[in-house]
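The following exercises are to be worked through with the sequence and the structure at hand. Each task is followed by a solution in steps.

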Amino acid sequence: MAIPGTESSEEIEDLAGFGDGMADLAQLVSKALELGACFPSSLMYGDDVKSQVTLKLPEGRVSSKLAIYTTLINPFSKYALMVTPLATAVEERLLTAGTKSKRSFSVLIRTLLVVSTVVVALAVPFFGHLMALVGSLLSVMASMLLPCVFYLKIFGVARCGGAEVALIAAILVLGSLVAATGTYSSLKKIVHEF
């Protein structure tokens, strides 16, 4: 977050009226809520949980259909969010100031991007496993490893307490193990299918 005239996170906390440690408290509450939902769910359903949640939903209920449709719509919105920056960059690169039909050119570029994605998905064998491989690497990097590294880079190891550095190190080790396990699992599936 960039606030004009502020030099550090302490100044931002002072502007917001929060004392030291508010971000830490928010993270702690967030993790506690996640664990509070995770453990009871595990105790309630145990080993009977299937890998795809939608397979376990009761049939014929409106709430089940709503959950399934939401699950089906989710990839479409993610795809649109992922392709929009690429499409915008291609449009800016290819469009000149004198182009008259900017709207039709934009539609053509975006259509070609979707078609090219479909062609790649159909032409590349094991595309699903390949996406699982990329997802296992990028998701863990974006959600576990990079935030910890950036936090240490911004605040420095010297300013962080010993327990805080130990916790960050543990998250980095755990994230690396998760990334390695996901990568190994995806590669194993690709090799097995090949």
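**Exercise 1. A serine and its surroundings**

Locate Ser186 in the predicted model, decide whether it is buried or exposed, and list its contacts beyond four places in sequence.

Solution. Step 1: Ser186 belongs to helix H6. Step 2: its relative accessible area is 6%, and buried means under 20%, so Ser186 is classed as buried. Step 3: once neighbours within four places in sequence are set aside, the residues in contact with Ser186 are His129, Ala132, Leu133 and Ser136.

**Exercise 2. Confidence along the chain**

Determine where in the protein chain confidence is lowest and where it is highest.

Solution. Step 1: for the protein chain as a whole, the mean pLDDT is 76, and 82% of the residues reach 70 or more. Step 2: the lowest confidence falls in helix H1 (residues 9-16), with a mean of 52, and the highest in helix H6 (residues 162-193), with a mean of 87. Step 3: over residues 1-9 the pLDDT remains under 50; for this stretch the model has eight contacts beyond four places in sequence. Step 4: where pLDDT is low, the predicted coordinates should not be read in detail.

**Exercise 3. The geometry of helix H3**

Compare the expected span of helix H3 (residues 62-94) with the distance between its end C-alpha atoms, then state where the helix bends.

Solution. Step 1: helix H3 has 33 residues, and at 1.5 Å a residue the expected span is 48 Å, because the multiplier is one less than the number of residues. Step 2: the end C-alpha atoms lie 47 Å apart, which agrees with that expectation. Step 3: a bend of about 30 degrees occurs at Val83, and Pro85 follows within four residues. Step 4: Ser64, Val83, Ala87 and Glu91 are buried in H3. The buried residues of this helix pack against helix H4 (102-123).

**Exercise 4. Two salt bridges**

For each of the two salt bridges, give the N to O distance, the placement of the partners and their exposure.

Solution. Step 1: the side chains of Arg110 and Glu91 form a salt bridge with an N to O distance of 2.9 Å. This pair joins distant parts of the chain, with Arg110 in helix H4 and Glu91 in helix H3, 19 residues apart. Step 2: Glu91 has a relative accessible area of 9% and is therefore buried, whereas Arg110, at 29%, is partly exposed. Step 3: Lys31 and Glu34 form a salt bridge in which the closest N and O atoms are 3.8 Å apart. Both residues lie in helix H2 (residues 22-45), and because they are three residues apart, about one helical turn separates them. Step 4: Lys31 is partly exposed at 43% relative accessible area, and Glu34 is likewise partly exposed, at 46%.

**Exercise 5. An aromatic pair**

Classify the one aromatic pair by the angle between its ring planes.

Solution. Step 1: the ring centres of Tyr151 and Phe155 are 4.7 Å apart, and pairing requires centres within 6.5 Å. Step 2: the planes stand at 50 degrees; stacked requires under 30 and edge-to-face over 60, so the pair is tilted. Step 3: Tyr151 and Phe155 both belong to helix H5 (residues 127-155), four residues apart, which is about one turn of the helix. Step 4: Tyr151 is partly exposed at 25% relative accessibility, and Phe155 is partly exposed at 21%.

How values were computed: Residues are numbered from 1 along each chain as its sequence is written. This is a predicted model: local features need pLDDT of at least 70, side-chain atom pairs count only at pLDDT 80 or more; totals for chains, interfaces and linings use all residues. Side-chain values use heavy atoms; hydrogens and water are left out. Helices (H or I, at least four residues) and strands (E, at least two) are DSSP runs, numbered from the N terminus. The bend at a residue is the angle between axes fitted to the seven residues ending there and the seven starting there. Buried means under 20% relative accessible area, exposed over 50%, partly exposed in between (1.4 Å probe, protein chains only). Contact means heavy atoms within 4.5 Å. pLDDT is the predictor's confidence in each residue, from 0 to 100. Rings of Phe, Tyr and Trp (its six-membered ring) pair if their centres lie within 6.5 Å; planes under 30 degrees apart count as stacked, over 60 as edge-to-face and the rest as tilted. A salt bridge is a side-chain nitrogen of Lys or Arg within 4 Å of a carboxyl oxygen of Asp or Glu.
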